Amino acid sequence: MRAGWTRFMAATLACSFFGVVFGSAAAAQTGPEVDLHDLTWFVHVDLIDPGAGEDLVYWSNAISEAVDQGNQLLQGSHGPADNVCCAKLGSSVAVSTFGSPDDGLDVIDSLADQQAIAALGSGMGSSAFLVDSLTYCSGSSPGAIGCALRPNCSANANDDPNLWMMVTVDAFEDETLGAVIAHERGHNSCLQHVSTPTCALMQASVFTPGLAGCISLSECTSIRNARTEVSSGEFCTCHDGSGSTLADGALCDANGGVCSGGCCGPITGDAGVRLLAAGGPGEFGFPPEEALTVSPYTGGWSSLGTFAPTNDDVRGLAYAWDSGTLYGIVPTTADDALVTIDPDTGQIVSWVGAIANGTDEFINLAYDPGPTAATTDDRLLAVESEADPVNFGQVRSIDPANPNTSTLLGQLGRSPSTAFSGAAFHPGLNKLFLASPFGNTDPEDPPLLTGIWEIDMSACQGGNCTPTQRIGQGLFWNNASLAYSPDTEMLYAVGEVTYNVVGGGSTTVSFYNVIDPTTISTVETQHVDRFTPAGLASVPEPGLGVGLLLGAGLLARLRRSRRS
C-alpha cells in the first residue's frame, strides 16, 4: 500500500534528547528510551547544481533541518488533541546521490518510476529519496509532495524494514518538508490519512505556510513500534519514568535545558518563557472566557479554566514586568474594566477599575514599561474601537494606577479598527505592533496577504497614529493576538487562518507563530489544536524560580539571548 501527501494551497525547532538529567534541583527522572527511526537518505543527481550553490552539502543541510522540524512535530505538544511521542527520526549514514543524469527519476510521474524507487530502496532498510516533484503515487496524484510505502504492520518493532518514502523539492520550497517527512514516516508506520483534528500530522493535505503535528495515542504507538533500532541509547528527558510528560519549567539536562511543550529546549530561548492567552477552546467563534497556558517553544496549549470569579470574556492581556502584574481588559456593554489576573491559575485577582469609555470598546492591550524601571511611568497601550463603525478608532494609553480614564494619543487612521485585534509594544524600538487580516490595498504595490503593522510611538502623540504595514510576514489571519517577550526579544502570535477547500467550502486552522520584530520575518509557524484567540501575554515561567536556577548551578539571567 502507498500513501501520499498533497499541498492544500499555495520554520526551525528541534526537540532535544539528553542522557544526563538533574537529580536534586530538577527532580526529574530519566524518561523512556527513544524509539529511533534510522533513515538512509538519497538525493537525485539532477538536483545537484554547484553553480547555484545547491551541492550535496546544501541538500544534506536542508534534509537535516527538515528532519529536526519533523522530530519537533512528533515530540512536541500542539494542544489537547496532540500527544507527545518519544520517537526520533535520524540518519547514521551520510546523504548520497542516486540515479543518473536525465534518467527521469527526479520527476516521479508513472508506476514505472515508483517501482524504480522501490527497487533502489529494497534491502537497505528504511530509505528516503528527495526528488524534484511527484505527479504519481499509486495512481495519478497531481500536486503531491510526498509518497510512501504503507505496509501491513504486525505491531512488532522493525518487522518490515524495507520501507521507502519520497519527498519533493516543492515541499522544501513551501517550507513544509519537515512535516512531509514526519507524515510519510507515519505511513511507513502503517498510519492512514485522517480528517480531524485540523492540526493532525496525518491530514491528507498540508496547509501552507505552517507545520502540523498532532497525533493520537494509537498513532504514537504505531510510530514507536516502527522503530529501526531496538536500543537507541537516548532518552526523552521531559518524560518521567512512566512516560508521562513533565511540567513546563522542569530542568531537563545539565547544559541549561528546560522542558516546554514536552520538549527539552535551551533555557536562554523560547523554552525559558511562557505565554498566557485568553481564548475559547473548540471550533471557530467560541468566546474568550478561558485562560490558556501556551508553550512558546512548541505552541502547545492547555486550559487553566475560566476567568473566575467573573466568568467574563477577556479581550486583551498585557504583563507589566516592572511590577510583575498581569492586566486584562474585560469589555462590557457599558464602561470596559481593567482587571489583574493570576498568570498561574487564570483567576481574576482584582477589579482595578472601570474605564470611562461608554459603548466604545478596547480590543487589545500592550505594556509600555516607560523610560525607567520604576512603576510610576508604566502605561498600558490599547486600540479603542468607537461605537460609530465609520470611525477609524483611536490609540489610547491607560495609567494602571489611575485606570478610570484613558489618554488619547492619536487617531488610528485605519478602518475598521476592530480588525487590529492583536497588540504588542517593543520598548527598544519604541513601536506598537498590531496584527490584522488587512493586506495591501494599493494597486501599484504587490499584494500582501497579511498585516503585521507598526506604529512609531514617537510620532503618535495627540494626532496621527496611523499604522504602516511591514513587509515580510506571509499569513492571512483572523482574531490574531500578539505578545512581546523582553527575555527573548521576539513577538509571539496566535490566530486563525481560513483556507479554501478543494471541491468547495473552507476550513479554519488555528496557528502559533514566532516573529522577529526587527525584520518581521517568520521564525516558525505551527498549526495547533483549535481555539479562538483573544489576548496574549508573555509571563514568567513558574517552574523557573531563582532557587531552582541557582540550585542547578545556573546563573540567574537578567536577559535571555535572542532566538537564533
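Which cysteine is joined to Cys460 by a disulfide? In this predicted model, the partner turns out to be Cys465, with the two sulfurs 1.7 Å apart. The link of Cys460 and Cys465 is right-handed, with 90 degrees about the S-S bond. Both ends are tucked away: Cys460 is buried at 0% relative accessibility, and Cys465 is buried at 1%.

That bridge has company, since a search of the whole structure turns up 7 disulfides. Another of them runs from Cys85 to Cys220, at an S to S distance of 2.2 Å. Here the chain is linked across 135 residues, from the loop between α1 and β4, home of Cys85, to helix α5, where Cys220 sits. This link is right-handed too, with 95 degrees about the S-S bond. Cys85 is buried at 1% relative accessibility, and Cys220 is buried at 8%.

Cys86 pairs with Cys236, S to S 2.0 Å. Cys86 lies in the loop between α1 and β4 and Cys236 in the loop between α5 and β13, so this disulfide ties together parts 150 residues apart in sequence. The torsion about its S-S bond is about 105 degrees, so it is right-handed. Cys86 is buried at 2%, as is Cys236 at 3%.

Turning to the aromatic rings, the count comes to 9 pairs. One of these is Tyr58 with Phe172, an edge-to-face pair with 6.2 Å from centre to centre and 85 degrees between the planes. Tyr58 belongs to helix α1 and Phe172 to helix α3, so the pair ties together parts that are 114 residues apart in sequence. Tyr58 is partly exposed at 29% relative accessible area, and Phe172 is partly exposed at 26%. Elsewhere, ring pairs link Phe42, Phe98 and Phe129 into a cluster.

Notes. Residues numbered from 1 in each chain as written. Predicted model: local features only at pLDDT ≥ 70, side-chain atom pairs only at ≥ 80, totals over all residues. Heavy atoms only, no water. Phe/Tyr/Trp six-rings, centres within 6.5 Å; stacked < 30°, edge-to-face > 60°. Helix = DSSP H or I, 4+ residues; strand = E, 2+ residues; numbered from the N terminus. Buried < 20%, exposed > 50% of the residue type's maximum accessible area, 1.4 Å probe, protein only. Disulfide = S-S within 2.5 Å.
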